[in-house]
Each structure stands twice: as C-alpha cells, then as structure tokens.
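Visitor: I have a structure to look at and have not seen it before. Can we go through it together?

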Amino acid sequence: MTFRLPSLQVDCSEYKKLERGRPIYCERLYQPFCGSDGKTYNNKCSFCKAVLKSGGTLRVKQAGAC
C-alpha cells in the first residue's frame, strides 16, 4: 500500500488582490514555512510577500522551518 502526500501549496491569492504599491502588514504569528530559496518564513503572510516579490518563482519546500 502506498500513500501519496499532496503537493504542498500555499494559496497567496488573497494578497494578490491588494493594491499595487501598498504595503502588506503581517501578524507576528509563528507558523513557519520553508521556501525553495532555503529561507524560513515566519508565517503564510511573510511567505506570500516573498512569493509576490519573486514574481511567483518562490515555492514552498516544506511546512515548518528549513
């Protein structure tokens, strides 16, 4: 019997709807994500800010710290 893990994705669509040029303020909540750049982001908001800044090239490597 094999188990497949669903590919890890983070939905950042709520942040794309914000006006361009307006800053995104994130809560100080610690629920880390490890990005494909090897950096640990504190939470979904900070990860999504980095995704938008990267033009969508940044991906989630794993849930939790790198």
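Guide: Let's start with one cysteine. C26 counts as partly exposed, because its relative accessibility is 28%. Keep in mind that this is a predicted model.

Visitor: What does a disulfide join C26 to?

Guide: C26 is joined to C45, with an S to S distance of 2.0 Å. The link of C26 and C45 is left-handed, with -75 degrees about the S-S bond.

Visitor: Where do C26 and C45 lie?

Guide: C26 is in the loop between helix 1 and strand 1, while C45 is in helix 2, so the disulfide ties together parts 19 residues apart in sequence.

Visitor: Is C45 buried or exposed?

Guide: Buried: the relative accessible area of C45 is 8%, and the cut-off for buried is under 20%.

Visitor: How many disulfides does a search of the whole structure find?

Guide: The search finds 3. One of them joins C12 to C48, again listed with S to S 2.0 Å. The link of C12 and C48 is left-handed, with -80 degrees about the S-S bond. This pair links distant parts of the chain, with C12 in the segment before helix 1 and C48 in helix 2, 36 residues apart. Both C12 and C48 are buried.

Visitor: And which cysteine does C34 form a disulfide with?

Guide: C34 is bonded to C66, and their sulfur atoms are 2.0 Å apart. The torsion about the S-S bond of C34 and C66 is about 110 degrees, so this disulfide is right-handed. C34 lies in strand 1 and C66 in the segment after strand 3 (60-63), so the pair ties together parts that are 32 residues apart in sequence.

Visitor: Which of those two is buried, then?

Guide: C34 is, with a relative accessible area of 2%. C66 is partly exposed, at 47%.

Visitor: What pattern do the disulfides of the chain follow?

Guide: Counting bonded cysteines along the chain, the pattern is 1-5, 2-4, 3-6.

Visitor: Different topic. How many aromatic pairs are there in the whole structure?

Guide: A search of the whole structure gives 2. One of them is F33 with F47: the ring centres are 6.0 Å apart and the planes are at 35 degrees, so the pair is tilted. F33 sits in strand 1 (residues 33-35) and F47 in helix 2, 14 residues apart, and the pair links distant parts of the chain.

Visitor: What about Y41 and F47?

Guide: Y41 and F47 also form an aromatic pair, which is edge-to-face, at 5.6 Å centre to centre with 75 degrees between the planes. Ring pairs thus link F33, Y41 and F47 into a cluster.

Visitor: Are F33 and F47 buried or exposed?

Guide: Both are buried. F47 has a relative accessibility of 2%. Y41 is buried as well, with a relative accessible area of 8%.

Visitor: Which residues have the most contacts inside the largest nonpolar core?

Guide: They are V10, C12, Y15, F47 and L58, in a core of 13 residues. Helix 2 (residues 44-53) gives the most to this core, with 5 residues.

Visitor: Where is V10 found, and what does it touch?

Guide: V10 is in the segment before helix 1. Not counting residues up to four places away in sequence, V10 touches F33, K44, F47, C48 and V60. V10 and F47 are 37 residues apart in sequence, and their C-alpha atoms are 8.8 Å apart in space.

Visitor: What about N43, buried or exposed?

Guide: N43 counts as buried, at 5% relative accessibility. N43 is found in the loop between strand 2 and helix 2. Leaving out residues up to four places away in sequence, N43 touches C26, E27, L29, Q31 and F33.

Visitor: Last thing. What pLDDT does the chain average?

Guide: The average is 85, and 85% of the residues score at least 70. Among the elements, strand 2 (residues 40-41) has the highest mean pLDDT, 98, and helix 1 (residues 13-16) the lowest, 81.

Visitor: Where does pLDDT stay under 50?

Guide: Over residues 1-5, for which the model has 0 contacts beyond four places in sequence. Where pLDDT is low, the predicted coordinates should not be read in detail.

Conventions:
Residues are numbered from 1 along each chain as its sequence is written. This is a predicted model: local features need pLDDT of at least 70, side-chain atom pairs count only at pLDDT 80 or more; totals for chains, interfaces and linings use all residues. Side-chain values use heavy atoms; hydrogens and water are left out. pLDDT is the predictor's confidence in each residue, from 0 to 100. Helices (H or I, at least four residues) and strands (E, at least two) are DSSP runs, numbered from the N terminus. Contact means heavy atoms within 4.5 Å. A nonpolar core is a set of buried Ala, Val, Leu, Ile, Met, Phe, Trp, Tyr and Cys residues joined through side-chain atoms within 4.5 Å. Buried means under 20% relative accessible area, exposed over 50%, partly exposed in between (1.4 Å probe, protein chains only). Rings of Phe, Tyr and Trp (its six-membered ring) pair if their centres lie within 6.5 Å; planes under 30 degrees apart count as stacked, over 60 as edge-to-face and the rest as tilted. A disulfide is a pair of cysteine sulfur atoms within 2.5 Å.
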